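Here is a small set of exercises to work through with the model open in your viewer. Try each task before you read its solution.

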Amino acid sequence: MSLKAIVKSVISGDTLVLRGRTGPQGQSPKERILHLADVVAPRMGNQTREDEPWAFESRDFLRALAVGKEISFTSTHSFPSNDDVTRDFGTAEIGGVDVASEMLKNGWAKVKESKRDSTEDDIRKRDIEAEAKAAGKGLWNSHGPQARAVHQTMPTDSQAFVSEWKGKSIDALVEQVRDGSTLRVRLFMPDGEHQMVNIALAGVRCPRTSPKQGEPSEPWAEEAKFFTESRLLQRSVRVIILSLPTSIATPFQAGANSAPPPPASIFIGTVLHPAGNVAEHLVAAGLARVVDWHAGMLAAGGGMERLRAGEKAAKEKRACLYANVPTASASSTHSNGTASGHARVFDGTVIRVWSGDQISVIDKESGKERRLQLSSTKGPKLSDPKQAYCAQEAREFLRKKLIGKHVKVTVDFVRPRDGEYEERECATVRYGNQNSNIAEQLVEKGLASVVRHRRDDEDRSSDYDKLMAAEQVAVAETRGIHSGKEQPAVKPPVNISESGARATTFINGFKRQGKVSAVVDYVASGSRFKLFLPKDNQSLTLVLNGIRAPRTARNPSERSEPFGQEAADFATRRYMQRDVEFEVDTVDKSGGFIGTLWLKSENVAISLVKEGLASVHSFSADGLSWSTQLYAAEAEAKQAHQNLWENYDEAAEKDAQAPPTEDDPGRLKSEYLDVIISDVRAENGFSFSVQILNTEGIATLEKLMRDFSLHHRVAHPAPPNFVPKAGDLVSAKFSDGSWYRAKIRRASPVKKEAEVTFIDYGNQDSVSFSNIRPLDPKFRSLPGQAQDARLSFIRLVASESEYHADAVQRFRQLCEGRKLVANIDYKEGATLHLRLIDPNDPVATQDPLACINADLLREGLASIDRKGCKYLGAYPHIMSKLQTAVAEAKRDRAGMFEFGDVEEDE
């Protein structure tokens, strides 16, 4: 009885493997082996024996004739088998043509010798064989078979073979299908040799079939194997070898001492049939899953996109492997918002780079800052010494590319809170006219690695395959973290603002350079910045000259001044991590440089004042070349009632600035002078003298003192009967042995001594008549350079107080012999009422009302002088500052308030 089957494959020129049709549920059909009766063909070789002559050509003729076609066969008898496969001897026809006769006719088989009596069919076959032999066909070719080497094992030098043939199309024949995505193919090499190789289909993985009979395969493994077999087994294909089966190298893995890899047992490649890439059909049928890390091999030709499209279609149909895929959750990419209610797709501006994989972006629509993790990307860790160099490079790469730039953000997923890690939006960030994915560029430069997600983890970058492709490029080019090289240790920048003494050594150098390039590394407050100088690997603190921004809280126990946080936020968003230039004017005692900061042509101080987030500090501003712009910016902010000036009353300010009447000891116009405290006197009440340090007066005094010293080198005896009287200008010898100009305060002819005041320095002494001479007229023209002064608004604790000595000592520490800035608040005859300011105090550069007078109040060593200072009412803003200082002293039990509120009655 004649049976029908499909020719699955051909073992040799006289043996076929047959299969039935698929079952109703797609089950794999049963197989049987058919040996053609009465003919014999050469045997194919294997790893232990070589091909018999003409074996490949014989088999190939039958393969081309029969594989994949329906065959009618008759079994004459069967052989017992050790497996479930039936083995038959019989005859077969394809399309009415007898297969054995066709093989004999073309010379690819011989009639088998038989001891039985010849039948008509035997005679016919012998006649056919004789014709083929006479024609020299097939096996009977007089020239013999073509000499070729057949390599049954994988190439010994796998790496060299892949390097030579990578990306090239090679004609091949599929010899075996081990599972849906693993094949054994015969490569027809250009030199005529045959190379057997094992190929794993690039981009996909099918379920594995069981290698042992009786053991179950993975679900859908048999179906996947049959899918591939029915389409590729013993079909002519083209093979493109892509890679060895090694996944992406581990970042920072040393490569210098690694041993050469052993010969590979399989290659990764693409198998192309005239009908297309079988991998894409497997995925679309739901019989294979996409292998993420192959993306780098396939991305260039769009292969990965086609696989993803097939995967999506299979999931939508819930085909085979994807039958139980969960329905997309509310947090999927189809949603328009994140779990926190923010837009999932938005435009914004990058204001900060936290690390090589995290940035902060200001949402253009909402104005809110959103901290983002680059999806599926992992940057090097700065805390790891091996990774620190690349971590710094990655952060700098992001800073240069993104800071201050407009970006388009797509939030791919939200990573939930996990222990100490906060919830984080993970996003794909694109910038520029080309909509470049910054993560892709980062990975391609070897400055980040790609996160390996679980197979069922859909929370990943929307450009995941491109990231994998970029990583493969970085690995191939041994860039960055994949170089295997030991990177240099990262040197921390030298902090030249560590102390005032250290900072001072750099002032002249900065002044010679003019504008210096830097990067804003940190914003401490609206007007205080930490700058990094990449060229010199230095960092410094820069305080903006000419303005005062409200303070921000330095710890949770402090409170920011009004608009302090707003000023800091503005400066952070606008200037953080930007390339800037700065110019230094001076340095404060804590090591902070005081100067000007520019972002391109924008003066940062003017911008802060214009926004109403800083006020003009008139003492420091008046000496600046751009002070006019500063005052104009403040006037503009006041008119717009911006921030600090939200309650600004122009009329009230004009009233406060109105000139006092003749009877009113009102406020004087601000007059800042450079002074030095030349003498402090604690006897008979507290007072002191100052020298005003104007250039002309100092030079004249220095010349006079040189001439004065030369004059007294020659002895000048006092005139006969010379008795100094009160008010006389004289020359008097001081305790240091030198002569100075002096004025007689009172004289005692009985004691023959006089109390004098040295008019150029302000100190006083008792001098004997023998050490006093009339002042030569040529030394009388220059007025005395010392002026009597007292502290404005306050008086030190009374002399009878136990704190008086502490108060005088503290004043000496703060002032004596030091160059200070003084403002004349009132003139009482020849005595100046001074508000003293330490120019090296960082607080004074920020607060125009900060002064030593207030510091003494704050330390409980002075009180407000309501009786002696009749002008207090003309300075309401200063009085408010001083009253706050007194309140702080009382609160802290400082000085005379140690045992409570014991302030003297006024």
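**Exercise 1. Find the salt bridge that Arg452 makes with Glu471, and describe the surroundings of both residues.**

Step 1. The side chains of Arg452 and Glu471 meet in a salt bridge, with 3.0 Å from N to O. The criterion is a side-chain nitrogen of Lys or Arg within 4 Å of a carboxyl oxygen of Asp or Glu.

Step 2. Arg452 lies in the loop between β25 (449-450) and α11 (464-476), while Glu471 belongs to helix α11, so the pair links distant parts of the chain, 19 residues apart. Helices (H or I, at least four residues) and strands (E, at least two) are DSSP runs, numbered from the N terminus.

Step 3. Glu471 is buried at a relative accessible area of 1%, whereas Arg452 is partly exposed at 41%. Buried means under 20% relative accessible area, exposed over 50%, and partly exposed in between, with a 1.4 Å probe and protein chains only.

A word on the material: this is a predicted model, in which local features need pLDDT of at least 70 and side-chain atom pairs count only at pLDDT 80 or more, while totals for chains, interfaces and linings use all residues. Residues are numbered from 1 along each chain as its sequence is written, and side-chain values use heavy atoms, with hydrogens and water left out.

**Exercise 2. Examine the salt bridge between Asp179 and Arg208: which partner is buried, and which is partly exposed?**

Step 1. The closest N and O atoms of Asp179 and Arg208 are 3.3 Å apart. This pair also links distant parts of the chain, with the two positions 29 residues apart in numbering: Asp179 sits in strand β10 (residues 169-179), and Arg208 in the loop between β13 (204-205) and α5 (221-232).

Step 2. Asp179 is the buried partner, with a relative accessible area of 5%. Arg208 is partly exposed at 32%.

Step 3. For the wider setting, the count by this rule comes to 45 salt bridges. One network of salt bridges links Asp292, Arg308, Glu311, Arg460 and Asp465.

**Exercise 3. Trace the strand pairings of β11 (residues 182-188).**

Step 1. Begin with burial: six of the seven residues of β11 are buried, which leaves the strand mostly covered.

Step 2. On one side, β10 and β11 run antiparallel and are joined by six bridges. Strands count as paired if DSSP finds at least two bridges between them. Leu173 stands opposite Arg186 in β11, and the two strands form a hairpin with two residues between them.

Step 3. Now turn to strand β12 (residues 194-201), which is antiparallel to β11 and joined to it by seven bridges. Here Arg184 faces Asn198 in β12. The hairpin of β11 and β12 has five residues between the strands, and Gly192 in this hairpin takes a positive phi near 95°.

**Exercise 4. Do the tracing again for β36 (residues 687-692), then look at the charged pair Arg681 and Asp679.**

Step 1. Strand β36 is mostly covered, as five of its six residues are buried.

Step 2. Strand β35 (residues 672-681) pairs with β36 in the antiparallel sense over six bridges. The two form a hairpin with five residues between them, and Asn684 in the turn has a positive phi of about 55°.

Step 3. The bridge partner of Asp679 in β36 is Ser689. Asp679 also meets Arg681 in a salt bridge of 2.9 Å, N to O, and both of these residues are buried.

Step 4. β36 also pairs with strand β42 (residues 786-791), again antiparallel, over four bridges. Gln691 stands opposite Ala786 in β42.

**Exercise 5. How many disulfides does a search of the whole structure find?**

Step 1. Apply the cut-off: a disulfide is a pair of cysteine sulfur atoms within 2.5 Å. The search finds zero.

Step 2. Check Cys206, which is in no disulfide: the nearest cysteine sulfur, that of Cys320, is 11 Å away. Cys206 is buried, at 0% relative accessibility.

Step 3. Cys851 is in no disulfide either, with the nearest cysteine sulfur, that of Cys815, 11 Å away. Cys851 is buried, with a relative accessible area of 5%.
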